[in-house]
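Me: I would like to learn how to read a protein model feature by feature. Could you take me through one?

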Protein chains: 2
Amino acid sequence: MRFMEETIKKIGALDEHAISVARARQDILTKPAGSLGTLEGISQKVAGITGNVMPKMKDKLIITMAGDHGVTDDGVSAYPKEVTAQMVYNFLNGGAAINVLARHAGARVVIVDMGVAVDFTHEQLESKKIAYGTANMVKGPAMSYEDAVRSIEAGIEVFESEAKKGVDIVGVGDMGIGNTTPSSAIVAVITGEDVEKVTGRGTGIDDAGLEKKIGAIEEAIRVNKPNNKDAIDVLAKVGGFEIGGMAGVILAAASHRVPVVIDGFISGTAALVAYGIAPAVKDYMIAAHRSVERGHSVTLDYIGLKPLLDLDMRLGEGTGAALGISIVDAACKILGEMATFEDAGVSEKD
Amino acid sequence: MRFMEETIKKIGALDEHAISVARARQDILTKPAGSLGTLEGISQKVAGITGNVMPKMKDKLIITMAGDHGVTDDGVSAYPKEVTAQMVYNFLNGGAAINVLARHAGARVVIVDMGVAVDFTHEQLESKKIAYGTANMVKGPAMSYEDAVRSIEAGIEVFESEAKKGVDIVGVGDMGIGNTTPSSAIVAVITGEDVEKVTGRGTGIDDAGLEKKIGAIEEAIRVNKPNNKDAIDVLAKVGGFEIGGMAGVILAAASHRVPVVIDGFISGTAALVAYGIAPAVKDYMIAAHRSVERGHSVTLDYIGLKPLLDLDMRLGEGTGAALGISIVDAACKILGEMATFEDAGVSEKD
C-alpha cells in the first residue's frame, strides 16, 4: 500500500507552460492554425505531460497483462479458459495481433503474467502472478483487498523496471478469457450505470449467453456489495489481476510523466480504477479508440476522454493502443519536424 | 480523351475470390472473428483490389498536386495566392505536414505542378502545368473542356510513370490556395446539394468571407451552367487543374488494381469527378478521414465511402491520406502476419 501511495504522490499537474509553448509553435507551423485538429491537441497534451515542448516518441512500449477469471465457471465466455495461457504463448511467439500491430507502430511488447491459471516457463514472460486466476466473483470476492493492492503494485513495479530502459510512451493491453465480465461489473459499480447497459458480447456470446452474463454480474454485485467510493474494494470484489496490474502501470506512468495510451474496454476499466484511486491520472491518459463493447463509451465519458479512433475493434491485447501510439507519434512529429512560416518563407494569413 | 478512355476500360471488378479467401483467413487468425472490425474489412477490400489474398503494402506513395485558382481574385481565401507556390517549395524542402506524415507512414511523396501561377525550377518537382492557374470561374469557365481532359490525362501519366517504379498503395493530396471554392462548386453541382450546405471556411475565413465565398460559387454555377451529368464539364467550368489531376491518378490507380486513398475535401472532390466519369473506381477507393470541411461528408455519402479516421483535420496536402495509408498497411499486416489458431495451438470458440 505504501508503494502505491508513494507513486500516487508523485503524480503532478500538467506543465501548463510547455502546453502554451507547444500551442504557440503549432500556430507558426506552415499550415492554417488548427487545421490538423486532434493531432495538434494531442501534441500539446504530450508536451504538458512530459514537460518537453517538442516531445519525441522514440521508445514506445506496450504492456500486455494476462489473468484468468473464476467467473468463467459460470459460462460467461465464448472461449474456453485455457485460451488465456495459449494466447500468452502466442504473444511470446510473436503471432498475435498485438505483436503485428506493435511492430507496425515501432513499439516493443512486454507480456506480464498477472494471474494466469497455469505455470509458464518462458524467459520473455514477466511473472507477477498473484494467484492461479481469481475466485468466482459470483460466489464471493474475486480476490482479497491485499491482493488487489498487490496487483496494482505489481503493475507499478513492471513500469518502474521498464522505465529504467527508457519509455517515451506506454500503451496498456489485456488478455484474459472472461474478463469483459469483471470489467462490466467494475464499470457498473463505479459509474452507477445499469449492468445491462455496460455489458456486451465480449468475444462473441449469443443472446442466451449475454443474459447469463448479465445475471452473473448482477449476482456478483449483490453478493459482494463493492463500495463504489473505494476503487480498490471494487477491484478486489469484482475485478481481475490484469485489471489491477494495468491500473498500476497507469499510475506509475503518470508518476513518471509518461503518456499512457488506453486500449479498449478492459484497459478502460483499469483506467477507471486508476482514476478512482488518483483522479490526477486522467491528464496523463490518451484513449486510443472506442471499442464495440458498450461499456467502453460509458467509461470514457465518465473519465472524460475522447478516443482517437473508432474502428469497430473489440480485441484487446493493446491492439487499439498500438494504433493510438502511432497517431500520438505522428502528432509529436508534426510539432517537432514541421517548418515554421518564417523558416520556409511562406506568407501568413492576410 | 482516348488515353483516358483506355484507362477507364482497364478498370475491372474486384476479385471476389480473393476477398472470400481473405475473409476465410481472417476467421482462422488467433482472435475472435470480426474483432478487428474495420481493419478486417479493409484487408479484404485490398485483397479484392489487388487480387492478392495476402497483400503487402511495401511501396507506399503519396501524390500531391498543386494548382492556382483565378477565383482567388474574388477574395475567397484567408491566404494570399502566392502561398501555393511557397508551399510547393516547402514540400520540396521536406518541411510541410505532408512530408512529416508521409515519412511517418513510410511513403514517398511526389509533388506535381498541375497549374501553379509561377515557373518553378526544381528537379524534384514533376511538371504537368496546364496553365498559370485557372480562369476566374465567376466570370466564365475555369478552363476549357480540352484542358479538363488534359489535366485528367496528366494525372494518369503521373501514376503510370510511378507505377513503373512499383506502387502498392497510393494516396492523393492537394495544394492550391482557393481550392475549397471550386471543390464546393463541384460538390454542389454533382450531388445537387445547396451551395451553402457544402461550403466551409477553408483555411479559415470569417463570416463575411464565407458569405462572399458562397455568393461567388452560386454566381459561378449561374454563369457557367455546368452539366451535372458530365463530370468533365463540371471540372472544366467550376474545377481546378489539381482536382483534374487527382481524378486522373484515381482512375489510373484503379486501372492498375492499386488501392487509392482519398485525403480530405479537395481529393474527395476529385474522387467525385473520377466516380462521375467511371463509377467502377469506387471499389478501389479508401476514404482516409472525415474532413471538417462540411462538403466532405456530403461527398463521401454520395459516393458511399466510410472514412477510417475522424480527427477534425482540414489541411489537405495528403496529410489524412498518409495516416490512412498507415492504417491500411496495419490491416494488411494483420492478414499476412498473424498466426492461425492451428499454427499457434490455440483452442477455437466453444
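Here is a short conversation about strands, cores, contacts between chains and backbone angles.

Reply: Happy to. Keep in mind that this is a predicted model.

Me: Let's begin with strands. What is the general idea about their side chains?

Reply: In a regular strand, side chains alternate between the two faces of the sheet. Strand E1 of chain B is a nice one to look at, with B:Lys60, B:Ile62, B:Thr64 and B:Ala66 on one side. On the other side are B:Leu61, B:Ile63, B:Met65 and B:Gly67.

Me: Are those two faces of E1(B) covered or open, and how many of its residues are buried?

Reply: Both faces are covered. Eight of the eight residues of E1(B) are buried, so the strand is largely enclosed by the rest of the structure.

Me: Which strands are joined to E1(B) by bridges?

Reply: One is strand E2 of chain B, residues 107-115, which runs parallel to E1(B) and is joined to it by eight bridges. To find your place there, look for B:Lys60, whose bridge partner in E2(B) is B:Ala107. Another is strand E4 of chain B, residues 169-175, also parallel to E1(B), with seven bridges between them. There, B:Gly171 stands opposite B:Ile62.

Me: Now the core. What should I expect, and which residues touch the most other members?

Reply: In soluble globular proteins, nonpolar side chains tend to be buried together. Here the largest nonpolar core has 256 residues, and those touching the most other members are A:Val170, A:Ile250, B:Val170 and B:Ile250.

Me: What does A:Val170 touch?

Reply: Setting aside residues up to four places away in sequence, its contacts include A:Leu61, A:Ile63, A:Phe159, A:Val249 and A:Ile325. A:Val170 also touches A:Ala253, and a run from A:Val258 through A:Pro259 and A:Val260 to A:Val261.

Me: How do people describe the size of an interface, and what is the area here?

Reply: The size of an interface is often given as the accessible area lost when the parts come together. Between chain A and chain B, about 4600 Å² is buried, and carbon and sulfur atoms give 59% of that area. On the chain A side, A:Tyr79, A:His104 and A:Leu311 lose the most area to chain B, together 13% of what that side buries. As for contacts, 56 residues of chain A meet 56 residues of chain B.

Me: Where could I zoom in on a residue that contacts both chains?

Reply: Try B:Asn90, in helix H4 of chain B. Apart from neighbours within four places in sequence, B:Asn90 is in contact with A:Thr30, A:Ala339 and A:Ala344 from chain A, and with B:Gly95, B:Ala96 and B:Asn99 from its own chain. B:Asn90 has a relative accessible area of 3%, so it is buried.

Me: How many aromatic pairs are there, and what makes one stacked?

Reply: There are six aromatic pairs over all chains. Take A:Phe341 and B:Tyr79: their ring centres are 6.4 Å apart and their planes lie at 15 degrees, so the pair is stacked, since planes under 30 degrees apart count as such. This pair crosses between chains, from helix H14 of chain A to the loop between strand E1 and helix H4 of chain B. A:Phe341 is buried at 5% relative accessibility, and B:Tyr79 is buried at 8%.

Me: As a bench person I always check cysteines. How many disulfides does the structure hold?

Reply: Zero, over all chains. Two cysteines you may want to find are A:Cys332, buried with a relative accessible area of 3%, and B:Cys332, buried with 3% as well.

Me: Last topic: backbone angles. What is the usual sign of phi, and which residues here have a positive value?

Reply: Most residues other than glycine have a negative phi. A:Glu317 is not a glycine, yet its phi is positive, about 75 degrees. In chain B, B:Glu317 also has a positive phi, near 70 degrees.

Me: Where are they, and are they buried or exposed?

Reply: A:Glu317 lies in the loop between helix H12 (294-303) and helix H13 (319-337) of chain A. B:Glu317 is in the loop between helix H12 and helix H13 of chain B. At 2% relative accessibility, A:Glu317 counts as buried, and B:Glu317 is buried at 2% too.

How values were computed
Residues are numbered from 1 along each chain as its sequence is written. Chains are lettered from A and ligands numbered from 1 in the order in which they are written. This is a predicted model: local features need pLDDT of at least 70, side-chain atom pairs count only at pLDDT 80 or more; totals for chains, interfaces and linings use all residues. Side-chain values use heavy atoms; hydrogens and water are left out. Rings of Phe, Tyr and Trp (its six-membered ring) pair if their centres lie within 6.5 Å; planes under 30 degrees apart count as stacked, over 60 as edge-to-face and the rest as tilted. Helices (H or I, at least four residues) and strands (E, at least two) are DSSP runs, numbered from the N terminus. Buried means under 20% relative accessible area, exposed over 50%, partly exposed in between (1.4 Å probe, protein chains only). A disulfide is a pair of cysteine sulfur atoms within 2.5 Å. Two strands pair if DSSP finds at least two bridges between them. A nonpolar core is a set of buried Ala, Val, Leu, Ile, Met, Phe, Trp, Tyr and Cys residues joined through side-chain atoms within 4.5 Å. Contact means heavy atoms within 4.5 Å. Buried area is the accessible area (1.4 Å probe) that two parts lose on being put together, summed over both.
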